[in-house]
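Hi everyone, thanks for coming. Have a look at the model on the screen, and I'll walk you through some of its helices, charged pairs and aromatic rings.

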Amino acid sequence: MKIFHISAECYPIAKVGGLADVVGALPKYQNGLGHSSSVIMPFYDNKFTQSNSFTTVYKDQIDFNGSQISFKILKTTDDVLDFNTFFVDIPELLFKDYVYSTDDTDRFLAFQIATLNWILTLQALPEIIHCHDHHTGLIPFMLQESFRYKTLNTIPVVTTIHNAQYQGWFSYDKLHLIPEFDLNKTGLLDWDNSINPLATAIKCAWRVTTVSPSYMEELKLEANGLQDLLKHESNKCVGILNGIDTAVWNPETDHYIEENYSINTVEIGKLANKLALCKTFDLDATKPLIAFIGRLVYEKGADVFPSALEKALEDKNCSVLVLGSGNAEAEAALLQLKAKNKGYYNTFIGYDEKLSHNIYAGADFLLMPSRVEPCGLNQLYALRYGTIPVVRSIGGLKDTVVDISKKGGFGISHEQVTVEEIYQAIKRSVDLYHKTTIFKSLTKHIMTIDHSWHVSANAYINLYQSLKK
Ligand SMILES: Nc1ncnc2c1ncn2[C@@H]1O[C@H](COP(=O)(O)OP(=O)(O)O[C@H]2O[C@H](CO)[C@@H](O)[C@H](O)[C@H]2O)[C@@H](O)[C@H]1O
């Protein structure tokens, strides 16, 4: 089957969060199943585009806001990626040194239009168009309603919601930017008196997926205003759990980490990584090392967990390392903890892919006190690296982490995002660490849990196949 994934992010080209990991892995696994799965994404001004050369496969202009804007479809000249990737180059709008900013509406609208204009010219059309998140949320509408794309309206289109908190809202002032359609259909774009690309995708896509079954159920109760819509459209909605790219995330071969290890060498391997990490960040390696990696935003509990860490650090029985960036208040709260907890606590404010791998490898526990977690990949990476996840039981975290108090349990979970519950979860982690035999056997056990994409890549294929006439 010929599949086009359309996305704003894709690892290793441009990554802000988990969306990139999924779009950078799923096509590879679908190709492994004998399909032809490609990615279409913007051409940004970043390290990847600066260090590779590109060949133009198509050139045209789009009519946008009264101007003719040139665009190109590019491919890498050399075979440096694991799957076909097409880059939409709109120098005036997309070629920036960021993925997201305040000008997203125009940039991603132009991206979607250029993408469809190009698809319109293809001899061999895709059999499935798979859109990811609100940045591509108007594609299902344009395919169905814009006169220009009429010949494409039999191609099944699937939308995956990676995070329903972000919906891409914009005002009716920009309605004219959408390629011409019957204005009686404007209601399909609307949610609460603004144009809402995520709501539009939910209404117009042939199928809507989210990245875990529990998150799909939670969305019907609370989806940042879209819960009633999701309830209404529930017949076409399904949750498919994300997988991980086990070639990228493999402690045996990971070239980022200090020392490679397998399940047989996990004890000395993780210790070597922990020692290196603790040396770099001036942490006490004799204590359990508890880490956090992620965007410092409300959904990840970033307004609460700095206080929980502060409380846990007062007990002086663990070391803590935080990697993340986001909300200024959370960043300040985390930085402030440094002075009081020298030798036990450190934080790196920023984005650092290599460091994240080293933390998964060197930490004993990974904290994820999320308020909302559609799937969560960090806990899956942690399992693969023998690092015990400490999670709030929600969304994909609920679907993938079983508390040690339960039969077959291997992680630590808590119910609420409060200072006290996060603190208690950290205390339970410290206790577990000192039950050395159990701790060591859990570390080994979790490395055997298979969260590779094999099963879920197949689930998507089955879904696509159900849409073919
Ligand atoms: N400062 C930093 N430095 C280095 N690496 C960092 C980093 N901050 C985050 N990362 C990395 O970014 C990814 C985060 O992935 P998640 O899936 O946990 O969250 P995110 O909320 O971005 O994704 C959304 O989409 C994904 C994919 O569907 C869902 O799993 C998730 O629940 C949903 O919120 C991981 O690869 C992590 O290592």
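Before we start, one term: when I say two parts are in contact, or pack against each other, I mean that they have heavy atoms within 4.5 Å. And please keep in mind that this is a predicted model.

Okay, helices. Let's begin with α9. This helix has 15 residues, and from the first C-alpha to the last it reaches 21 Å, close to the 21 Å you'd expect at 1.5 Å a residue. Which residues of α9 are buried? They are Val266, Gly269, Lys270, Asn273, Lys274, Ala276, Leu277 and Cys278. And what do those buried residues of α9 pack against? Two strands, β12 and β13 (319–326), plus the helices α12, α15 and α16. Just after α9 comes Asp282, and there the phi angle is positive, about 50°.

Since α16 is in that list, let's look at it next. Helix α16 covers residues 436–447, so to speak 12 residues, and reaches 17 Å from end to end by C-alpha, close to the expected 16 Å. Its buried residues are Phe439, Leu442, Thr443, Ile446 and Met447. Those five cover an arc of only 130° around the axis, so they sit on the same side of α16. Here's the general idea to keep in your head: an α-helix has 3.6 residues a turn, so residues three or four places apart point the same way. As for neighbours, the buried residues of α16 pack against α9 (266–280), β15, α13, β16 (388–392) and α15 (419–434).

Now for the charged side chains. Side chains of opposite charge can pair when their charged atoms come close. How many salt bridges does the count come to here? It's 20, and I'll show you three.

First up is Glu353 with Lys15, where the closest N and O atoms are 3.3 Å apart. Glu353 lies in helix α12 (residues 353–362), while Lys15 is in the loop between β1 (2–6) and α1 (18–23), so this pair ties together parts that are 338 residues apart in sequence. Are the two partners buried or exposed? Glu353 is at 13% relative accessibility, so it counts as buried. Lys15 is at 21%, so that one counts as partly exposed.

Next, Lys231 and Asp228, with closest N and O atoms 3.5 Å apart. Both of them lie in helix α8 (residues 227–232), 3 residues apart, which is about one turn of the helix. Lys231 is partly exposed at 45% relative accessibility, and Asp228 is exposed at 51%.

The third one is Arg371 with Asp303, at 2.7 Å from N to O. Arg371 lies in the loop between β15 (365–368) and α13 (378–384), and Asp303 in the loop between β12 (289–296) and α10 (305–314), so the pair ties together parts that are 68 residues apart in sequence. Asp303 counts as partly exposed, at 44% relative accessibility. One more thing on charges: salt bridges that share partners join Lys15, Asp21 and Glu353 into one network.

On to the aromatic rings. We describe a pair of rings by the distance of the centres and the angle of the planes. The count comes to 22 aromatic pairs in this model. Take Phe43 and Phe54: their centres are 4.8 Å apart and their planes are at 85°, so this pair is edge-to-face. Phe43 is in the loop between β2 (36–42) and α3 (47–50), and Phe54 is in strand β3 (residues 54–64), 11 residues apart. Both Phe43 and Phe54 are buried. They also belong to one aromatic cluster, made up of Phe43, Phe48, Phe54, Phe87 and Phe95.

Compare that with Tyr460 and Tyr464. Here the centres are 6.5 Å apart and the planes are at 35°, so the pair is tilted. Both tyrosines lie in helix α17 (residues 454–467), 4 residues apart, about one turn of the helix. Tyr460 is buried, with a relative accessible area of 1%, and Tyr464 is buried too, at 0%.

Last bit, from the records. For residues 283–408, an unreviewed UniProt entry lists "domain: Glycosyl transferase family". In our model that span is 37% helix and 24% strand, and its end C-alpha atoms lie 32 Å apart.

Definitions and conventions. Residues numbered from 1 in each chain as written. Predicted model: local features only at pLDDT ≥ 70, side-chain atom pairs only at ≥ 80, totals over all residues. Heavy atoms only, no water. Salt bridge = Lys/Arg side-chain N within 4 Å of Asp/Glu carboxyl O. Buried < 20%, exposed > 50% of the residue type's maximum accessible area, 1.4 Å probe, protein only. Expected span 1.5 Å × (residues − 1). Arc of directions from axis to C-beta. UniProt positions renumbered as here; feature names shortened; annotations may be inferred. Phe/Tyr/Trp six-rings, centres within 6.5 Å; stacked < 30°, edge-to-face > 60°.
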